[in-house]
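Colleague: I have just opened this model and would like a guided look at it. Please start with the overall picture, then stay with one part for a while.

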Amino acid sequence: MNGDGIIELNVPQLPYYLGAGRSEYEIGDQHPNRKNLGIYDVLIVVKGELYIGENDQQWTLEKGDSLILLPEGEHYSVRPCSQKTVFYWLHFEHVERYESLLTSSDHEPELQDSSRPFGNPYTLRLPKHSKLAHPQAAFNLLEQLLTLEMDSSFWQEQRLLGELLSMLEEGSLRVMDSVQTRLAEQAAIYIQQNYKTKVTNETLAAALHFHPNYVIRCMKMKYGKTPIEYLNELRLERAKRLLVTTDWLIDRIAEEVGFRYAPYFSSCFKRYIGLSPLQFRKQYMTT
């Protein structure tokens, strides 16, 4: 989870549905204390108030509030319910797929998965705590989950989980400042249109008429990565496609995706994917 109260899940892999339920607490009842469950626990309150904490944070959840408890956290009741309280709970699992991004020299990236020629990564950004804009729609989704027949509902469960997480993600986007969101989108468009040329934080900021630090902050808020991380991922994903779909020399591919020097491109590519460009290409060549 980042410092803005957003839980970031890289996909693939997709979140995997484990189970859901509806709990009703009378006055004096309280949420159980648990820790290190290894799964995400989504709570959505229908009525009343639920007093719950995780590690050193505490919340009073009311009707329409959602909260995501983390797999490694310690969850505990802050105090018993003072009125009848009804809430849904949903458990899902997400196995991290660590993407390697080219960052500054003092941050060594993880290696990219080289088992597939093309990547289409996405980061699902869910609010830790939020007030649902349309709580009844979430209630309806959860009721559908609870009425599915066991042992014959895998895809229905996954579809409904996806719809619920999409609803939560849309809520996180609404709370973001619209000016910041638009600026991040403009920065992404600029990078997509100019990735073959030299793009730096300074040239990007100058093109958008904002301070570089502000552009970086907006990009991290919207996309979970800095402009340079976004640029490098875009360039190297383009290079992967060219390596598989053309017979161009490495020098030409490097130039095509915005690298001035082929040896530097090869070095960056190996850091990103764990293989040299030629090794990567040979995985998909027929003899």
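How many helices and strands does the secondary structure of the protein come to? After that, please give me a close look at the open sheet of five strands, and then place it among its surroundings.

Modeller: Happy to. The secondary structure comes to nine helices and 11 strands. Please keep in mind that this is a predicted model, with a mean pLDDT of 87. Of its residues, 87% reach 70 or more. One stretch needs caution: over residues 97-111 the pLDDT stays under 50. The model does have 38 contacts for that stretch beyond four places in sequence. Where pLDDT is low, though, the predicted coordinates should not be read in detail.

A few totals set the scene. The protein has 287 residues, and 46% of them are buried. Of the contacts between residues at least 6 apart in sequence, 73% join residues at least 24 apart. The accessible surface comes to about 15400 Å², and carbon and sulfur atoms account for 50% of that area.

Now to the sheet you asked about. Reading across it, the strand order is S2-S9-S4-S7-S11, and the pairing is antiparallel. The sheet is open, with strand S2 (16-25) at one edge and strand S11 (129-131) at the other, each pairing on one side only. From one strand to the next, the twist averages 15°. Strands of a sheet pair through backbone hydrogen bonds, either parallel or antiparallel.

A good place to zoom in is the pairing of S2 with strand S9 (residues 85-93). These two run antiparallel and are joined by nine bridges. Within that pairing, Tyr25 stands opposite Thr85 in S9. For the side chains, a general rule helps: in a regular strand they alternate between the two faces of the sheet.

The sheet also has a helix against it. Helix H1 (residues 135-147) lies across S2, strand S4 (40-47) and S9. Its angle to S9 is about 65°.

There is a second open sheet, this one of four strands, in the order S3-S8-S5-S6 and again with antiparallel pairing. Its edges are S3 and strand S6 (57-61), each of which pairs on one side only. Strand S3 (residues 34-35) meets strand S8 (residues 74-77) over two bridges. There, Arg34 stands opposite His75, while Lys35 has Glu74 as its bridge partner. Strand S5 (residues 50-54) also pairs with S8, over three bridges, and Gly53 stands opposite Tyr76.

A loop leads from S3 to S4, and Asn36 lies in it. The phi of Asn36 is near 50°, a positive value in a residue other than glycine. At 53% relative accessibility, Asn36 counts as exposed, because the cut-off for that class is over 50%.

Moving on to the helices, H6 (residues 227-245) has 19 residues and spans 27 Å from its first C-alpha to its last, close to the 27 Å expected at 1.5 Å a residue. Since 14 of those 19 residues are buried, H6 is largely enclosed by the rest of the structure.

Helix H5 (residues 212-223) has 12 residues and reaches 16 Å between its first and last C-alpha, close to the expected 16 Å. Its buried residues include Val215, Cys218 and Met221. Cys218 and Met221 are also touched by Gln180, along with Tyr214 and Arg217. Gln180 lies in helix H3 (residues 178-194) and, at 17% relative accessible area, is buried.

Both ends of H5 have a residue with positive phi to look at. His209 sits in the loop between helix H4 (201-208) and H5, with a phi of about 65° although it is not a glycine. With a relative accessible area of 71%, His209 is exposed. Just after H5, Gly224 takes a positive phi of about 75°.

Finally, Tyr284 lies in the segment after helix H9 (277-282). Its relative accessibility is 28%, so Tyr284 counts as partly exposed. Tyr284 and Thr245 are 39 residues apart in sequence, with their C-alpha atoms 9.6 Å apart in space.

Terms used: Residues are numbered from 1 along each chain as its sequence is written. This is a predicted model: local features need pLDDT of at least 70, side-chain atom pairs count only at pLDDT 80 or more; totals for chains, interfaces and linings use all residues. Side-chain values use heavy atoms; hydrogens and water are left out. Buried means under 20% relative accessible area, exposed over 50%, partly exposed in between (1.4 Å probe, protein chains only). Two strands pair if DSSP finds at least two bridges between them. Axes are lines fitted to C-alpha atoms, for helices over the stretch in contact, and angles run from 0 to 180 degrees between N-to-C directions. Contact means heavy atoms within 4.5 Å. pLDDT is the predictor's confidence in each residue, from 0 to 100. The expected span of a helix is 1.5 Å times one less than its number of residues. Accessible areas come from the Shrake-Rupley method with a 1.4 Å probe; for residues, only the protein chains shown count as cover.
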